[in-house]
Structures are given as structure tokens and as C-alpha cells.
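Welcome! Here are some exercises to work through with the model open beside you, each followed by a solution in steps.

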Amino acid sequence: MDEQHGGGPSHWWRYGPPWWNRLDDPEAHRARLPWRSTALFTALVLIGTGFAAHGQPDRVPLDGGARVLLVVASALLLWRHRYPVPVVFGTAAATLAYLALGHPYGPVFLTVAVGCFSAVVAGHRRAAWAAVGLLWAGHVLVALGLHRWLPPAGDRGAGLGQEIVVATWVLAVVALSELARVRREQWARERADRAEAARRRADEERLRIARELHDVLAHSISVINVQASMGLVLLDSDPEQARAALTTIKAASKEALGEVRQVLGTLRAPGAAPRAPAPGLDRLPELVEQAAAAGLAVVTEGEPPRLPPGADLAAFRILQEALTNVVRHSGSRHARVHFGYGDGVLRLRIDDDGPATGADAGGGGHGLAGMRERAAALGGTIEAGPRPDGGFRVLAVLPSHLREDQ
């Protein structure tokens, strides 16, 4: 549920918080300066340093120059997304100058931490390490050597323990920045995988709808085409047969419109249950009758088994497409449909005696491909090709023990 609604701790941990995800758009992110966060950092540095100065009477009191350096170090963060490398070096230099002048320690290090974090996350790891390393090296040089000539007067410098604390702080800043960089890359990969999965599902759904529309329209339009041709021929010589052909055209077109509406209904209301049941092998008599109306006599052998909805729909569409191909591409007016069932597998075989007419009837050659896709989606196979004794055979092998949700 969290993943669907884009909220919740588990969603944030896996994909990153929404405000962080916006960082992945460099152009949009760089176009907006972080005024609010920079103002907050500036206030924290100025106010925090003022409080920290009360506990360090041996340091140089805060004056105008010190506050200017604090403001400069904080204000540089305003450009940390656009120019992360100059910013991290600038904050380090301003902080080092502030400390070299003997002013009190305090949250001025926050500006270096933020600058280092921004540079590392932006991919400038070595620059961030170099800037923080130079700050630490400069502090060591001032504390252990140059303090004799720098304010405050009489400064005895820092001991080794204090420098170890500063070094630990530097390592902590770099480690946290690296951790944030690694986590951000993981979030980016997770979001890319999720987007790719969504695109793949959309492609599969488009393919399924295209296949469904092809199967519905190819069969019905083939019947309508045959009956319309017959009606034109018999219009003057046998009006009754022409009337029967028009009646068949009306029924076939009505059925096609109904099935097309059902397919399109799933697009208009995604996730909603279909209002009409999906077609299955229980409509075999209707399919045989439609084939007979198109001039094709169909003989069935065996009884179609009860199948889960997915396999039942696939078997029906494969049979429908195979009979449509006989009507459109075969000179035979007879077809045999054989149902074989055993070991949880349905073997559906459709034969005609040929010969092939070579008529395309406007088809694009997607019928066999659609049948193979339907079978493959269920873990089955389709074999289609000429028989040694002439004619054509389609053999579908479909697992029938699948769960309904498949």
C-alpha cells in the first residue's frame, strides 16, 4: 500500500523520500536556489556560534570580521547544487580563516559538512575529500605551529587529543556523505527498476488488448466478408439466401461490437471487474455455427474440458483464429477440431484439407503470432504448418492446471 500511495517509512527507505527524489533532475534542481535551507543554516551558525563563544573566553571574541566570515561560509551554500566543488572549497577556506584568526569553535563546521555532503552526492567525491582534508591539515598547521604568530595572544596551541577529535569529525562527515551517496544511487536504481517494470506491464497490456481486438475483429469481419460476397451474388437470383446472408452479417457485427466494447471497457475502468464473462470453450457451438454461416463445415472430436478462465479464453481465441484462417486462406470447406486432455494438458488440434488459396483478405499476418503469444503466456506451445498429406494443421498444447490469477 505504501508503494502505491508513495508514502510511509517502508516506501521512503526503498525509494527515497519525495523531496530527495527531486534531486535526480539536475536541470530543475539547479534552476532553483535553496534559499530556505541556506537561511536556516546561516541562522544556526550565527546564533550557535554566539552561544558557543560564552564558553570559550580564551578565544578571540566575535567581531564584525568574524561574523562576515560566518555569513560568507553560510551564504556559499546557496550555490551548493549548481557549483558543488567551488562551494566545498570556499566553505573550507572561510572556516579555516575564521579558526586561524582565533575565533571560538562552534557550528561553523556545519557549513563544511553541508558543502562536503552536496559535493559527494553530486559525484565530486575527490574534490570533497580534498577540501575537507585541506581544512584538517590547515587546522593542524595552525594549532601545532602557526599559533605563536596568530591570535589570540598567548595561545598555547592544541594538543594531539584535540586534533584526533577534529580528525574523527572529518572522517564522520566524509563517511556520512558517502553513505548518503550510496543510498541515493540505490534509490535511483530502485526507481528505475520500478519504472521499467511499469513500462513492461503497460507494453504487455497493450499487446494483450491488440491481440484481443485482432482475434475478435478478424473472425467477425471474415464472416461478414464472406456473407457480403454471397449476398451480392444472390441478391437478384435468390433474395431469400441474400436475406439470410444479411441476417448473418447483422449477428456477426453485433457480436463483434459487444466484444470490442468489453475489451475497451477494461481500458476505461482499469482494475474494475469486467461486466460480462470472458468467452470460453462453452461457446464452441456458437463458433461452429458462425463458421457454418461463412461456408465452413466444422466437425468436433472429443469434449472440451473445464478450464480456468485464462486457459479457457486462450483456447477459445486460438480455435477462433485457426478457423478464421481456414475461412480466409484455405480452399477447403471442411475443418476438424480435436480435443485431447490428459496429465493436466489440453491438446487442441485444428485440421483442414487445403489447398491454400493464397488469399490474404487484408490480413497482416498477425494471427499465428497472436496464437503463439497466447500459448506462451500460459507456458504452452503452438505448432502450425502444412501436413505431409496436404492441408494445414494447428496444434496447441496448453497447461490447464494453472491458477485463476494467472
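**Exercise 1. Find the salt-bridge partner of Arg 393 and say where each of the two residues lies.**

Step 1. Start at the side chain of Arg 393 in this predicted model. Its salt-bridge partner is Asp 351, and the closest N and O atoms are 2.6 Å apart.

Step 2. Now place the two residues in the fold. Arg 393 belongs to strand E5 and Asp 351 to strand E3; with their positions 42 residues apart in sequence, the pair links distant parts of the chain.

Step 3. Check how each partner is covered. Buried means under 20% relative accessible area, exposed over 50%, and partly exposed in between. Asp 351 has a relative accessible area of 3%, so Asp 351 is buried. Arg 393 has 35%, so Arg 393 is partly exposed.

Step 4. Look beyond the pair. Through salt bridges that share partners, Arg 336, Arg 349, Asp 351, Asp 353, Arg 387, Asp 389 and Arg 393 are joined into one network.

**Exercise 2. Describe the salt bridge between Asp 353 and Arg 336.**

Step 1. The two side chains meet with an N to O distance of 3.5 Å.

Step 2. Arg 336 sits in strand E2, while Asp 353 sits in the loop between E3 and H14, so this salt bridge ties together parts that are 17 residues apart in sequence.

Step 3. Asp 353 is partly exposed because its relative accessibility is 40%. Arg 336, at 30%, is partly exposed as well.

**Exercise 3. Which helix holds both Glu 196 and Arg 199, and how many residues apart are they?**

Step 1. Both residues lie in helix H10, which covers residues 160–234.

Step 2. They are three residues apart, which is about one turn of the helix. Their side chains meet in a salt bridge, 2.8 Å from N to O.

Step 3. Glu 196 counts as partly exposed, at 37% relative accessibility. Arg 199 is also partly exposed, at 47%.

Step 4. To set this pair in context, a search of the whole structure finds eight salt bridges.

**Exercise 4. Find which residues touch the most other members of the largest nonpolar core, and which elements supply this core.**

Step 1. The largest nonpolar core has 34 residues, and Leu 319 and Leu 323 touch the most other members.

Step 2. The elements that each supply at least two residues of this core are helices H12 (284–293), H13 (309–329) and H14 (367–377), together with strands E2 (334–342), E3 (345–352) and E5 (392–399). H13 gives the most, with 10 residues.

Step 3. Follow Leu 323 outward, leaving aside neighbours within four places in sequence. Leu 323 is in contact with Leu 287, Leu 296, Val 298, Ala 335, Val 337 and Ile 350.

Step 4. Apart from this core lies another, made of 14 residues, among them Ala 113, Cys 116, Ala 128 and Ala 131.

**Exercise 5. Is Thr 324 buried or exposed, and which backbone oxygen lies 2.8 Å from its side chain?**

Step 1. Find Thr 324 in helix H13.

Step 2. Its relative accessible area is 1%, so Thr 324 is buried.

Step 3. A polar atom of the Thr 324 side chain lies 2.8 Å from the backbone oxygen of Gln 320.

**Exercise 6. Which residues form a nonpolar patch on the surface, and which helix gives the largest share?**

Step 1. The patch is formed by Leu 46, Ile 47, Phe 51 and Val 71, with about 380 Å² of accessible area together.

Step 2. Helix H5 (residues 35–54) provides the largest share, three residues.

Step 3. Take Ile 47, which lies in helix H5. Ile 47 counts as exposed because its relative accessible area is 51%.

Step 4. Compare another nonpolar residue, Leu 141, in helix H9 (residues 125–144). At 52% relative accessibility, Leu 141 counts as exposed. Leu 141 and Ala 100 are 41 residues apart in sequence and 9.7 Å apart in space, C-alpha to C-alpha.

**Exercise 7. How many helices and strands does the protein have, and what share of its residues counts as buried?**

Step 1. The secondary structure comes to 14 helices and five strands.

Step 2. The protein has 406 residues, of which 41% count as buried.

Step 3. The accessible surface comes to about 22600 Å², and 62% of that belongs to carbon and sulfur atoms.

Step 4. Among contacts between residues at least 6 apart in sequence, 72% join residues at least 24 apart.

Terms used. Residues numbered from 1 in each chain as written. Predicted model: local features only at pLDDT ≥ 70, side-chain atom pairs only at ≥ 80, totals over all residues. Heavy atoms only, no water. Patch = residues over 30% accessible without salt bridge, like charges linked within 9 Å, V, L, I, M, F, W, Y side chains within 5 Å. Areas by Shrake-Rupley, 256 points an atom, 1.4 Å probe, with all protein chains shown as cover. Salt bridge = Lys/Arg side-chain N within 4 Å of Asp/Glu carboxyl O. Helix = DSSP H or I, 4+ residues; strand = E, 2+ residues; numbered from the N terminus. Buried < 20%, exposed > 50% of the residue type's maximum accessible area, 1.4 Å probe, protein only. Core = buried A, V, L, I, M, F, W, Y, C linked by side-chain atoms within 4.5 Å. Contact = heavy atoms within 4.5 Å. Polar contact = N/O pair within 3.5 Å; in protein donor to acceptor, adjacent residues only side chain to side chain.
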